[in-house]
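Q: Could you walk me through how to read burial, strand pairing and helix packing in a model like this one?
A: Gladly; let us take the features one by one, with the structure in view.

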Amino acid sequence: MPTVVVDDVHIVYRVHGAKSGRGGATAALSRMLRRGAGDPERGVRTVHAVRGVSFTAHRGEAIGLIGSNGSGKSTLLRAIAGLLPPERGRVYTDGQPSLLGVNAALMGDLTGERNVVLGGLAMGMSREQIKERYQEIVDFSGINDKGDFISLPMRTYSSGMQARLRFSIAAAKDHDVLMIDEALATGDARFRARSEARVRELREHAGTVFLVSHSNQSIRDTCNRVLWLERGELRLDGPTEEVLRAYEKFSGK
């Protein structure tokens, strides 16, 4: 059963003022007003981040996305999640895609406890479901292993603690399509092992999981299929070991 169909998708960013060198707020407002008055766009740089990517994902698959920095992996996930409109092409999804990234927005001034509730509600969980799974989320994250950090504001957490809590919140629910951007790269070996095991559970519950990671071992341990992107283009799509061997030969890793 297909869950995601990506059909000839192109994603283009436009950076205004990139050629003029004037990056101030006043200059930016002036350029916006001139364009509104009918002046043609000047000093606009286009970045073609994803170029004609097509593939179909199915239920029960865990799909790794690999490639050099800036190859379009995170951009593609954002398009699948509906956060970036394609310049050309279409994205079709069966069910609600959920994007989990290391920059997923929670509230820094709220405590970890309140962010668990906020994150759960944002994913469509009821307050009763959040209450039932609250302790499991905290225990999974390991936030309280060295003290009562869950009662402190998230801005006091290290980046690793924040990423672990975000992953733990997202992993508390079975998703139709779950996209994970680098979250498994954080934390110690025990947390990574728990995370990888949880991704396999999500996959077994008929969901589809996408994982962006620079850790080839995490991809090997978690995914049964890999998409390799370079310069926005899909270079190879196939079984994990086959694609990783080709990528490692290409990158010298």
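Q: Is Arg231 buried or exposed?
A: The model here is a predicted one, and the reading is by relative accessible area, where over 50% means exposed. Arg231 has 72% relative accessibility, so Arg231 counts as exposed.

Q: Where in the fold does Arg231 sit?
A: Arg231 belongs to the loop that links β8 (225-230) and β9 (233-239).

Q: What does Arg231 touch, once residues up to four places away in sequence are not counted?
A: Arg231 touches Arg51 and Ser71. There is a C-alpha separation to look at too: Arg231 and Gly70 are 161 residues apart along the chain, and their C-alpha atoms are separated by 7.0 Å.

Q: How does Thr240 read, buried or exposed?
A: Under 20% relative accessible area is the cut-off for buried. Thr240 has 8%, so it is buried. You will find Thr240 in helix α8 (residues 240-251). Leaving aside neighbours within four places in sequence, its contacts are Ile219, Arg220, Cys223, Asn224, Arg225 and Val226.

Q: And Arg166, is it buried or exposed?
A: Apply the cut-off of under 20% again. At 11% relative accessibility, Arg166 counts as buried. Arg166 is in helix α5. From Arg166 to Ser141 the C-alpha distance is 8.4 Å, with their positions 25 residues apart in sequence.

Q: Let us turn to strands. Why is strand β7 described as largely enclosed by the rest of the structure?
A: For a whole strand, count its buried residues. In β7 (residues 208-212), 5 of the 5 residues are buried, so the strand is largely enclosed by the rest of the structure. Next, look at both faces: Thr208, Phe210 and Val212 point one way, Val209 and Leu211 point the other way, and all are buried.

Q: Which strands pair with β7, and in what sense?
A: Here you look for bridges between strands. Strand β3 (residues 62-66) pairs with β7 in the parallel sense over 4 bridges. Strand β6 (residues 177-181) also runs parallel to β7, and 5 bridges join these two.

Q: Which residues can I use to follow these pairings?
A: Val212 is a handy place to begin. Leu65 has Val212 of β7 as its bridge partner, and Asp181 stands opposite Val212 as well. For another view of the pairing with β3, find Gly64, which stands opposite Leu211 in β7.

Q: What does β3 pair with besides β7?
A: β3 and β8 pair in the parallel sense over 4 bridges. Gly64 is again a useful marker, since it stands opposite Val226 in β8.

Q: How buried is β3 itself?
A: The count works as it did for β7. In β3, 5 of the 5 residues are buried, so β3 is largely enclosed by the rest of the structure. Ala62, Gly64 and Ile66 point one way from β3, Ile63 and Leu65 point the other way, and all are buried.

Q: Now the nonpolar cores. Which residues of the largest one touch the most other members?
A: The largest nonpolar core has 36 residues, and those touching the most other members are Ile66, Val116, Ile150, Leu165, Phe167 and Ile180. The elements giving two or more residues to this core are β3, α4 (127-141), α5 (159-170), β6, α6 (189-204), β7, β8 and α8. There is also a second, separate core of 22 residues, with Val4, Val9, Leu76 and Leu77 among them.

Q: Which residues does Leu165 touch, not counting those up to four places away in sequence?
A: Leu165 touches Gly112, Val116, Ile137, Ser141, Ile143, Ile150, Met154 and Tyr157.

Q: How do helices α3 and α4 cross?
A: For a helix pair, read the axis distance, then the angle, then the hand. The axes of α3 (residues 112-122) and α4 come within 10 Å and cross at roughly 130 degrees. The two helices are therefore oblique to each other, and their crossing is right-handed. Glu113, Val116, Val117, Gly120 and Leu121 of α3 make the contact with Arg127, Ile130, Tyr134 and Ile137 of α4.

Q: How does the chain read overall?
A: The secondary structure comes to 8 helices and 9 strands. Of the 253 residues in the chain, 43% are buried. Among contacts between residues at least 6 apart in sequence, 72% join residues at least 24 apart.

Technical notes. Residues are numbered from 1 along each chain as its sequence is written. This is a predicted model: local features need pLDDT of at least 70, side-chain atom pairs count only at pLDDT 80 or more; totals for chains, interfaces and linings use all residues. Side-chain values use heavy atoms; hydrogens and water are left out. Buried means under 20% relative accessible area, exposed over 50%, partly exposed in between (1.4 Å probe, protein chains only). Two strands pair if DSSP finds at least two bridges between them. Contact means heavy atoms within 4.5 Å. A nonpolar core is a set of buried Ala, Val, Leu, Ile, Met, Phe, Trp, Tyr and Cys residues joined through side-chain atoms within 4.5 Å. Axes are lines fitted to C-alpha atoms, for helices over the stretch in contact, and angles run from 0 to 180 degrees between N-to-C directions. Angles under 35 degrees count as roughly parallel, over 145 as roughly antiparallel, 65 to 115 as roughly perpendicular and the rest as oblique. A crossing is left-handed if the near helix is turned anticlockwise from the far one by less than a right angle, and right-handed if clockwise.
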